[in-house]
Structure formats: structure tokens, C-alpha cells
Amino acid sequence: TFAPNRPVTRMEMAVMLANALHISGSRFGSVPFKDVQPTYWGTPILRALKQRKLIGGYGDGTYRPDHYATRAEFAVLIYNLTRR
């Protein structure tokens, strides 16, 4: 579904970025953030985006993938793209 008025999670935001850049992740490697389990569905994408320095987490080493993304977080994501 499209659901234009539904909030987007930080994981969904990361997936949008990865899809736009044709980035897919590997199932193998280290866990990119301490609150993301190796078996979490988005771990490969988060790993790939973090390795490319396109996303970052919070100061405590977490990403909080199921929290809603803010406009500020989207702005930082777009800014990081322009610095590539």
C-alpha cells in the first residue's frame, strides 16, 4: 500500500535510500549497530549503508530501526547523499 499519511520508520527510510541507490546488503559481516540483531530483516541493508557512511546511529551505538524517522533525520540522509 502507499499510505502517504503514515509515518515512516528509520528502517523504512534506510530501505528507500538503498533502493534508490541500488544497494543491497550481504547477510555476512558484523552487526552494524548494537540494537540490531544479526537475524533482523534489515541488518544487511544497514550494514551496507553504514559501510558507505550514508547512515549513522545515535551516540549510544544504536540505530533504533523501528522508531519513526523525523524530518531532520531525512534531511541528514539527503545531505549525506550530496556529499558523496
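**Talking through the predicted model**

Colleague: Before we start, which helices each supply at least two residues of the lining of the largest pocket?
Modeller: Keep in mind that this is a predicted model. Its largest pocket has a volume of about 150 Å³. The lining includes R10 and M13, along with E73, V76, L77 and N80. The helices that each give at least two lining residues are α1 (10-20) and α3 (71-82).

Colleague: And which element gives the largest share of that lining?
Modeller: By character, the lining residues split into seven nonpolar, three polar and two charged. The largest share amounts to four residues, and the element they come from is α3.

Colleague: R10 and E73 both line the largest pocket, so how far apart are the closest N and O atoms in their salt bridge?
Modeller: R10 and E73 are both buried. R10 sits in helix α1 and E73 in helix α3, so the pair ties together parts that are 63 residues apart in sequence. Between the closest N and O atoms, the gap is 2.8 Å.

Colleague: How many salt bridges does the structure hold?
Modeller: One of them joins E12 to R6, with the closest N and O atoms 3.1 Å apart; E12 is partly exposed at 25% relative accessible area, and R6 is partly exposed at 44%. Another brings together the side chains of R64 and D60, 3.2 Å from N to O. R64 is partly exposed at 28%, as is D60 at 38%. With the R10 and E73 pair, the count for the structure is three.

Colleague: Is α2 largely enclosed or open, and why?
Modeller: The buried residues of α2 are T43, P44, I45, L46, R47, A48 and L49. What covers them includes α1. Because seven of the nine residues of α2 are buried, the rest of the structure leaves this helix largely enclosed.

Colleague: Just after α2, which residue takes a positive phi?
Modeller: α2 covers residues 43-51, so look just past its end, where phi is about 60°. The residue is K53.

Colleague: Which residue's backbone nitrogen lies 2.8 Å from a polar atom of the D35 side chain?
Modeller: D35 is in the loop between α1 and α2, and is partly exposed with a relative accessible area of 29%. Leaving out residues up to four places away in sequence, D35 touches T62, Y63, R64 and P65. The backbone nitrogen at 2.8 Å from the side chain of D35 belongs to Y63.

Terms used:
Residues numbered from 1 in each chain as written. Predicted model: local features only at pLDDT ≥ 70, side-chain atom pairs only at ≥ 80, totals over all residues. Heavy atoms only, no water. 1 Å grid on protein atoms, 1.4 Å probe; cavity = no way out; pocket = protein on both sides within 12 Å on 5 of 7 lines; lining within 4 Å. Points joined across faces, edges and corners; volume = space filled by probe spheres on them. Nonpolar A, V, L, I, M, F, W, Y, C, P; charged D, E, K, R; others polar. Buried < 20%, exposed > 50% of the residue type's maximum accessible area, 1.4 Å probe, protein only. Contact = heavy atoms within 4.5 Å. Polar contact = N/O pair within 3.5 Å; in protein donor to acceptor, adjacent residues only side chain to side chain. Salt bridge = Lys/Arg side-chain N within 4 Å of Asp/Glu carboxyl O.
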